2 protein chains.
Amino acid sequence: MKLNPSPFKETPEEAGSLILERFVPYRLSVLSNTVSRAIARIYAERFDLTIPEWRVMAQVGRHGRLTASDIIGLTAMDKVRVSRAVARLTAAGRVEATSDAADRRRQVLALTAAGRRIYREIVPLALEREARLLDALEPKECQALDRLLAKLQARASTLAPHGEGELAEPD
Amino acid sequence: MKLNPSPFKETPEEAGSLILERFVPYRLSVLSNTVSRAIARIYAERFDLTIPEWRVMAQVGRHGRLTASDIIGLTAMDKVRVSRAVARLTAAGRVEATSDAADRRRQVLALTAAGRRIYREIVPLALEREARLLDALEPKECQALDRLLAKLQARASTLAPHGEGELAEPD
DNA sequence: GGATATTAGTTTCATATGAAACTAAATCCA
DNA sequence: TGGATTTAGTTTCATATGAAACTAATATCC
């Protein structure tokens, strides 16, 4: 299969040379980290929440009762990260874990009243941040972004070791 | 200023609710990490290089003689990360650091012969991975991606604590 | 000239990460 | 039934990270 040359290095001098600032994996990494940092700050400062914890709360807040395994499937995080996030959330009284009577290996998770309160507070803030980011784009560009992210994720998952995935650092 | 509502949650039931899988910061994070993982594997397995080291080599390989400060400006990495990457690269004999006679706080970095050899080997592999990723897109979409990444990065930098930036983890 | 403030880069320290090993509970299957 | 395998989740351990403190050299200001 002939690969589509990147449109970013069309000029002849650039063919075969690598300019990091135009290298898409690098750009994605820097962008993702800039955005994450901005959002993580809200979670951390106002709610003492890490990103893994936020993801757990987002899923439990939306879906109701979930097990850790469900969350692993829903959040692209590995089980160690989920386990630790859940441990911290339960310690903080934001999530309650009750062991499933039908299968006592499983813990069914649900937000506590305090957890729900925080959830209701965070969601608008998170949406507002996202809106502020997307506000840099025209509505059509937003739709294009949606499609591009989906296509790239699908492709990237086939290139990755395991499938899709999350890790701590980037290029 | 009225914020443009995200086009991904137009349906009324979704307004004000947050679906993580559609949340752009989350999607960016997962995509970036999937891509990074796939590329980092090449660097690590074949060359025993970390991503920070790869970035340093990419910049020194392209620009010739640079100081650590130059690299900080060019790579969105903080000085600790650059310092460690450079230390490992010099220990491995891939980069040579000579202290600048004019300002002896500075170390001027350059690839050694071994470093250049590796650099020439990696660049095509990295470009090939990028091409394989972008090959999921139409040429027009590639151009759109280029523009979207630029716009989003510009906006994100204004939302972030410091400016643009890199960190270890994401949402 | 010489005290003070900056700048380049390194080290320390506390925290986050994930692969691999582990524990406990189900499930398989003979 | 009862041993072997799988699955849910936790713990261990080695590594990566970055804020803050630090060192050394230069620039500034009087």
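**Contacts of the protein chains with DNA strands D and C**

In this predicted model, a side-chain N or O atom of Arg37(A) lies 3.4 Å from a phosphate oxygen of DNA strand D. The pair falls under the definition of a polar contact, two N or O atoms within 3.5 Å; within protein, one atom must be able to donate a hydrogen and the other to accept it, and residues adjacent in sequence count only if both atoms are side-chain atoms. Local features need pLDDT of at least 70, side-chain atom pairs count only at pLDDT 80 or more, and totals for chains, interfaces and linings use all residues. Residues are numbered from 1 along each chain as its sequence is written, chains are lettered from A and ligands numbered from 1 in the order in which they are written, and side-chain values use heavy atoms, without hydrogens or water.

Strand D has further polar contacts. The side chain of Ser69(A) places an N or O atom 2.6 Å from a phosphate oxygen of this strand. Arg84(B) reaches a base instead: a side-chain N or O atom is 2.5 Å from a base nitrogen of strand D. In total, 23 residues surround DNA strand D, and Ser69(A), Ser83(A), Arg105(A), Arg81(B) and Arg84(B) are the closest. A residue is near a strand if one of its heavy atoms lies within 4 Å of it. Sugar or phosphate accounts for 60% of the strand D atoms within 4 Å of the protein, and bases for the rest.

Three helices each supply at least two residues of the surface near strand D: H3 (68-75) and H4 (79-91) of chain A, and H4 (79-91) of chain B. Helices (H or I, at least four residues) and strands (E, at least two) are DSSP runs, numbered from the N terminus. H4(A) gives the most, with 4 residues. By class, this surface has 6 nonpolar, 4 polar and 13 charged residues. Ala, Val, Leu, Ile, Met, Phe, Trp, Tyr, Cys and Pro count as nonpolar, Asp, Glu, Lys and Arg as charged, and the others, Gly among them, as polar.

DNA strand C is surrounded by 24 residues; Arg81(A), Arg84(A), Ser69(B), Ser83(B) and Arg105(B) are the closest. Of the strand C atoms within 4 Å of the protein, 59% belong to sugar or phosphate and the rest to bases. A phosphate oxygen of strand C is 3.5 Å from a side-chain N or O atom of Arg37(B). A polar side-chain atom of Ser83(B) lies 2.5 Å from a phosphate oxygen of strand C. Lys79(B) has a side-chain N or O atom 2.8 Å from a base nitrogen of this strand. Two or more residues of the surface near strand C come from each of H4 of chain A, H3 (68-75) of chain B and H4 of chain B. H4(B) has the largest share, 4 residues. The class counts near strand C are 7 nonpolar, 4 polar and 13 charged.

Chain A averages a pLDDT of 89, with 85% of the residues scoring at least 70. pLDDT is the predictor's confidence in each residue, from 0 to 100.
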